[in-house]
Amino acid sequence: MLDIKLLRNDPAAIAIELKRKGYHLDVENFIQLENTRKDLQVATQALQKERNIRSKSIGQAKAKGEDIKPLLAEVADLGDKLKAGEQQLSELQAEIESIVMGIPNTLHEDVPDGKDEEDNVEIATWGEPKQFDFEPKDHVDLGLPNGWMDFEVAAKLTGSRFVVMRGAMARLHRALIQFMLDTHSMEHGYSEVYVPYMVNEDSLYGTGQLPKFAEDLFKLEDERDFYLIPTAEVPVTNMIRGDILDAEQLPMKYTAHTPCFRSEAGSYGRDTRGLIRQHQFEKVELIQFVKPEDSWDALEELRGHAETILQKLGLAYRTVILCSGDTGFSAKKTYDLEVWLPGQQKFREISSCSNVGDFQARRMQARYRNPETNKPEFLHTLNGSGLAIGRTLVAVIENYQQEDGSIVVPDVLKPYMGGLEVLKP
RNA sequence: GGAGAAGUGGCCGAGAGGCCGAAGGCGCUCCCCUGCUAAGGGAGUAUCUGGUUUAUCCCGGAUCGAGGGUUCGAAUCCCUCCUUCUCCGCCA
């Protein structure tokens, strides 16, 4: 959520900023609604004030034993007028709120202009795309013959975009999770949390998935309006919803492993093969809560933490900064890490690290007490994948494959593989 | 799943239709006093929001788990929901 005061003061300037993100803000409509709201609110509050004064005097008269009948007659029609005004006002406020909740975050000035992912800008690379002296297979061809990956069984169990993994592959998948959690919690200063995989609507409003992106989510058939989480960002970030933290508690860093559930509505036909785009995948997430002045440094740090994982795994990657049109709804600035996949001869997104600024904090009413002003102020939130497990598995097996279809276990994963050094078909 | 109890400021806790945004205590901040320590005295100390502009000040409005309702007036009465606790049942 943007600062409503900024929006009121200069909606035109905000509209120009939002245009970079491809969002059209109807300034005239907004100003008109705001003006109506202001009039209505002033009028309603005046009525409330009168009601309060009169009620108080009735109480005082009654205490003195005076006849209150004439006083009651005076306020007879006040109640109806007030009720009508209050209802009108709350409807209008709800309308304004729904507009404001649907407005994306503004961008950092570093973010390059652009329309879509074609315009993202590469800012760094690490490692060299691996050269093979044979034709490298993609992860599906590596996984299928051994029964390591089974998409048909998964389709029988559930449907498309699911997988069953077996044996050493399932273990390698698990090893990645352990390795990442251990690295972030023991070397990068994050505290590990275990969180619910279902959340309520308030949480999804808090991080920005609702109200706009309901179609991307799986909603449970249940009167409680629970949703499966699309990312650990939702439960972990919402842990501090409604809180006022002490300044000394910041920065707060959390890491969590969770499955992520995404409906992938609108991506029919894209990445239909293999593990790249599934309805259910695992992810190790990094979340930071920081003071406003620290969030840009924190973004660089967080990105470094995600990059460390790729480096330790020895996987070549490039870092891109998302252009204005590709940056997500809540983010001020986002780096994507793209890993080299020999099977596709392409870099593919494996992590996304964003500084959200105070956008989610506003929605969540998540604040800290600024010792200088002694006032509660919105903190800043950041999130990043560290990393997406399914795609990391893809990268590992494609990059560590050998001509006979076996897969060498990267050194850092060996402690988690019970002595297994090569996955043999 | 059944029966019962309870949700009030940073914390504890009073409050039972009006003078209650809320006693009292603890904690915290500032000041005074005491040579230091210990103790004592005084003042302050919720959040959101409107007028209203960057901020202060001032004057309003709202908020006592959430949402509805009754009433001139609700922390207080009624309804629904959520959460916590106790007992029973079931269960990984």
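The paragraphs below lead through a predicted model, from a pair of hairpin strands to a small sheet, the nonpolar cores and one residue in a loop.

A convenient starting place is strand β11, which spans residues 333-341 and is mostly covered, with nine of its nine residues buried. Lys333, Tyr335, Leu337, Val339 and Leu341 point one way from this strand, while Thr334, Asp336, Glu338 and Trp340 point the other way, and all are buried. Strand β10, made of residues 317-321, runs antiparallel to β11 and is joined to it by five bridges; within this pairing, Arg318 stands opposite Glu338 of β11. Strand β12, residues 346-357, is likewise antiparallel to β11, and nine bridges join the two. Here Leu337 has Ser351 of β12 as its bridge partner. The strands β11 and β12 form a hairpin with four residues between them, and in the turn Gln345 has a positive phi of about 55 degrees.

A separate passage concerns an open sheet of three strands, which lie in the order β7-β13-β14 with mixed pairing. Because β7 (244-246) and β14 (375-378) stand at the edges and each has a single partner strand, one side of each is left without a neighbour in the sheet. Neighbouring strands of this sheet are turned against each other by 45 degrees on average, direction ignored. Strand β13, residues 367-370, pairs with β14 in the antiparallel sense over four bridges, and Arg369 stands opposite Pro376 in β14.

Turning to the nonpolar interior, the largest core holds 49 residues, of which Met169 and Leu172 touch the most other members. Helix α8, residues 167-186, contributes the largest share of this core, namely eight residues. Leaving aside residues up to four places away in sequence, Met169 touches Trp148, Met149, Leu393, Ile397, Ile407 and Leu423. A second core, separate from the one just described, consists of 19 residues, among them Leu2, Leu92, Ile103 and Phe359.

The last stop is Thr106, which lies in the loop between α5 (78-101) and β1 (121-126). Its relative accessibility is 10%, and because buried means under 20%, Thr106 counts as buried. With residues up to four places away in sequence not counted, Thr106 touches Leu2, Ile14, Glu17, Leu18, Ala331 and Lys332. One of these neighbours, Lys332, also makes a polar contact with Thr106, side chain to side chain, at 2.9 Å.

Conventions
Residues numbered from 1 in each chain as written. Chains lettered and ligands numbered in written order. Predicted model: local features only at pLDDT ≥ 70, side-chain atom pairs only at ≥ 80, totals over all residues. Heavy atoms only, no water. Buried < 20%, exposed > 50% of the residue type's maximum accessible area, 1.4 Å probe, protein only. Polar contact = N/O pair within 3.5 Å; in protein donor to acceptor, adjacent residues only side chain to side chain. Contact = heavy atoms within 4.5 Å. Core = buried A, V, L, I, M, F, W, Y, C linked by side-chain atoms within 4.5 Å. Pairing = 2+ DSSP bridges. Axes fitted to C-alpha atoms, helices over the stretch in contact; angles between N-to-C directions.
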